[in-house]
Amino acid sequence: SASPTGIGASASRQAVNAGSSAHQAAVALGALWCCRREVTGDLDEELVDVSGSGSETPHEGAPLGQNLAEIGYPYRHFPFVDLMRSADPFRSGTADEWNDQRALELRPDGYPARLAPGQLARTFLIGGDHPHMSGEVTIFYEGSGRIDYRGGVEGVERAPGRDVVTLRDRDGLWIEILETDPADPLRHIRVIAPGGRCEANGDLCDGECSCASFAETYEEQPFHPTFLAEHRPFDVLRFMNWMRVNRVRGGEEARPRWPIRTWDEYPGVDHAQWYPVPIDVMIDLANATASAPWFTVPHLADDAFVRRLAERIRERLDPSLKVYVEYTNEAWNDLFLQSQEVAAEGCRTRSPNPAAECDDDGDGTLCEYGDWNETQERCFAYGREYFAQRTAQIGAVFDEVFGDDPRVVTVLGMQVGSLRDWGPRMLGLAWKEGETVAERIDAVAVAPYFGGGEPPADFDAVFARAPLPGGDETYAVLVGEPPDGGPLQWIVRDLHALRAIDPELELVAYEGGQHFLALGDEGKVPMLMEANRDPRMGELYDEYLRRWSTLTDGALFVHYGSPSLWSQWGTWGSKEYQGQPVTEAPKHQALLRYLAH
């Protein structure tokens with residue numbers, strides 16, 4: 001059947017769109033430089049001149065990383081050959097209602113322990129709005145019950161513990177657990193993608209090699225060969241999305257396990273869905289690609305979590321690889337719930353009178369989101385101090401576990417352009433007696449996106465040129481508009497500020513790339529998608545990365561993000577989907593050109 005009884009195709013599209021709004025929750029708006037907590041003050045006159053910075057080639061061997069896209073069925077990337085690992089958590093429904101909002105009684109591993117009368121459990125594995133993989137999907141399972149397969153299903157062959165589904169390349173795939181025996185519930189469901197890998201080198205089978213099907217090799221080789229091939233060139237993989245550290249105010253709340261506080265709360269490899277992705281899986285990916293992993297510690301994680309994380313990385317990570325570690329993501333950005341909670345923790349631990357200074361309405365909740373006022377200003381000042389202190393504490397734990405190994409890089413995340421205003425206090429703070437934050441960390445990370453703010457007027461405006469002092473010129477989106485300027489000025493401003501505070505600290509980019517959005521003007525979405533497909537976008541990326549490399553002496557730049565769905569919520573992926581030919585992906589081509597220097 002192409003769709004559940006009584007629901008129809010429109011319901012499945014709504015489910016896909018719900019996932020897209022989760023992507024908005026993780027990224028769109030969140031990385032804008034000129035957000036609500038905007039840094040004050042114009043650029044210093046001497047910092048504006050960035051002429052000449054684009055005339056050189058990138059520094060040889062300048063490192064380039066990639067932020068991994070959020071795990072989920074709508075996003076057109078499949079890191080794991082077991083599709084169940086990137087599926088949604090199970091939702092309660094009926095034959096006539098897609099999501100009836102009832103609670104499901106789940107086992108610790110995420111599978112339904114039992115079903116109420118008339119209740120079924122659904123999970124989406126492949127979104128149906130785009131072409132996708134097709135062929136024979138093999139399903140293994142344990143336990144007793146009844147499973148149905150929906151979406152683009154053309155046939156099912158059933159056998160105890162093993163089903164084979166023939167899937168067409170449209171209409172997606174979801175499964176429904178219709179019955180499960182409470183004494184022996186359905187569990188350990190594995191949904192193995194069509195295809196296989198070459199036995200000689202592990203590449204995707206192309207008919208020219210001796211192949212082993214994914215159904216034969218998924219346990220020893222869980223990563224899809226195409227996913228590995230697209231990420232192997234990068235020096236660093238940032239796991240912020242895979243660790244699920246973000247949640248947006250008012251965003252989609254369906255996914256459980258947020259925020260993580262203890263090590264036992266973090267799911268292991270035996271869990272039904274890998275969201276957050278298990279620590280061991282991320283380490284294994286880093287080893288498989290020979291890329292340095294970048295871990296983002298959840299904002300409420302306790303010290304024991306940090307220590308166990310560091311110990312696990314030390315035990316399993318290739319000793320030749322660096323490891324980057326940061327505390328949460330964009331604590332300065334009050335789009336995210338962790339921003340308010342970090343501010344509240346800062347107020348609790350640093351204010352002489354938290355109730356008086358950080359609770360406007362007296363309801364006992366510190367640093368609630370509201371109109372910007374003196375209370376909000378105090379909250380975020382305390383939050384910045386706590387954030388810097390906690391970053392240093394996390395770095396100290398990692399250094400202790402690793403024995404001060406120089407391959408551990410502790411990173412303090414900052415809003416781009418903010419170091420002159422926030423840096424002296426945050427970096428000069430004594431996180432313990434006798435040692436400042438600057439002395440404990442190794443790098444400051446910013447996100448110098450281009451194109452944020454209002455959408456461009458038309459297609460050509462994306463690629464407009466602008467003069468620089470001295471007769472040089474560059475893309476206008478890199479220069480920006482006065483008085484705040486654009487990413488080139490922000491980078492130079494931060495470099496000057498950081499060198500004045502501590503010349504030993506490195507400025508790196510935790511995210512960056514194009515940031516064109518049209519959330520308030522959906523009519524411009526097709527134009528922005530087409531701009532991202534235009535060869536000139538690759539040329540813009542060339543100049544952007546070249547100027548970053550020249551200005552920073554070849555510092556690490558971590559692009560946002562890896563191949564994934566483009567939609568009204570943004571065109572973040574370097575490709576539009578996993579496996580897209582690189583000839584059709586000018587951004588990805590530019591990243592590979594940069595890596596080749």
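Ala290 is exposed in this predicted model, with a relative accessible area of 53%, so the residue clears the 50% cut-off for that label. Its place is in the loop that runs between helix H4 (279-289) and strand E15 (292-297). The backbone here is a little unusual: Ala290 is not a glycine, yet its phi is positive, at about 55°. Most residues other than glycine have a negative phi, and most peptide bonds are trans.

Arg76 also has a positive phi, near 65°, and is likewise a residue other than glycine. Arg76 is found in the loop between strand E1 (64-67) and strand E2 (91-93). Here the surroundings are another matter: with a relative accessible area of 15%, Arg76 falls under the 20% cut-off and therefore counts as buried.

Two peptide bonds also deserve a look. The bond from Pro482 to Pro483 is cis, with omega near 5°, and Pro483 is found in the loop between helix H12 (476-479) and helix H13 (487-501). A cis bond also joins Tyr560 and Gly561, this time with omega at about -5°. Gly561 has its place in the loop between strand E24 (557-560) and helix H16 (586-596).

Stepping back to the whole chain, the protein has 16 helices and 24 strands. Of its 597 residues, 59% are buried. Contacts reach well along the sequence, too: among those between residues at least 6 apart, 74% join residues at least 24 apart.

What sits inside? The largest nonpolar core holds 121 residues, and Trp242, Trp294 and Phe398 touch the most other members. Helix H8 (residues 374-402) gives the most to this core, contributing ten residues. A second core, separate from that one, has 33 residues, with Val81, Val153, Ile177 and Ile189 among them. As for Trp242, its contacts beyond the neighbours within four places in sequence include Leu68, Ala69, Ile71, Pro79 and Phe80. Trp242 also meets Phe227, Tyr266, Pro276, Val277, Met282 and Leu285.

Helix H8 turns up again in the packing of helices. Helix H5 (residues 303-316) packs with H8 at an angle of about 40°, the two axes being 9 Å apart. H5 and H8 are therefore oblique to each other, and H5 passes H8 in a right-handed crossing. On the H5 side, the contact takes in Asp303, Val306, Arg307, Leu309, Ala310, Glu311, Ile313 and Arg314. These meet Arg390, Ile394, Val397, Phe398, Glu400, Val401 and Phe402 in H8. The residues of this contact divide into nine nonpolar, six charged and no polar. Phe398 thus has a part on both counts: this residue of H8 meets H5, and it is one of the three residues that touch the most other members of the largest core.

Helix H6 (residues 337-350) meets H8 in another way, at an angle of about 85° and with the axes 7 Å apart. That angle makes H6 roughly perpendicular to H8. From H6 come Ser339, Gln340, Val342, Ala343, Glu345, Gly346, Cys347, Thr349 and Arg350. Their partners in H8 are Cys379, Phe380, Tyr382, Gly383, Glu385, Tyr386, Phe387 and Gln389. The residues of the contact of H6 with H8 comprise eight nonpolar, six polar and three charged.

H5 packs with H4 as well, at an angle of about 35° and with the axes 10 Å apart. The crossing of H4 and H5 is right-handed. Ile279, Asp280, Ile283, Asp284 and Asn287 of H4 make the contact with Leu309, Arg312, Ile313 and Arg316 of H5. By type, the residues of the contact of H4 with H5 are four nonpolar, one polar and four charged. Leu309 and Ile313 in H5 are also among the residues that meet H8.

Lastly, is Leu167 buried or exposed? Its relative accessibility is 2%, so Leu167 counts as buried. Leu167 has its place in strand E9 (residues 162-167). Gly152 lies 15 residues from Leu167 along the chain, and the C-alpha atoms of the two are separated by 5.6 Å. Leaving aside neighbours within four places in sequence, Leu167 is in contact with Ile126, His132, Met133, Ser134, Gly135, Val137, Gly152, Val153, Gly172 and Leu173. One of these, Val153, belongs to the second core.

Methods:
Residues are numbered from 1 along each chain as its sequence is written. This is a predicted model: local features need pLDDT of at least 70, side-chain atom pairs count only at pLDDT 80 or more; totals for chains, interfaces and linings use all residues. Side-chain values use heavy atoms; hydrogens and water are left out. A nonpolar core is a set of buried Ala, Val, Leu, Ile, Met, Phe, Trp, Tyr and Cys residues joined through side-chain atoms within 4.5 Å. Buried means under 20% relative accessible area, exposed over 50%, partly exposed in between (1.4 Å probe, protein chains only). Helices (H or I, at least four residues) and strands (E, at least two) are DSSP runs, numbered from the N terminus. Contact means heavy atoms within 4.5 Å. Axes are lines fitted to C-alpha atoms, for helices over the stretch in contact, and angles run from 0 to 180 degrees between N-to-C directions. Angles under 35 degrees count as roughly parallel, over 145 as roughly antiparallel, 65 to 115 as roughly perpendicular and the rest as oblique. A crossing is left-handed if the near helix is turned anticlockwise from the far one by less than a right angle, and right-handed if clockwise. Ala, Val, Leu, Ile, Met, Phe, Trp, Tyr, Cys and Pro count as nonpolar, Asp, Glu, Lys and Arg as charged, and the others, Gly among them, as polar.
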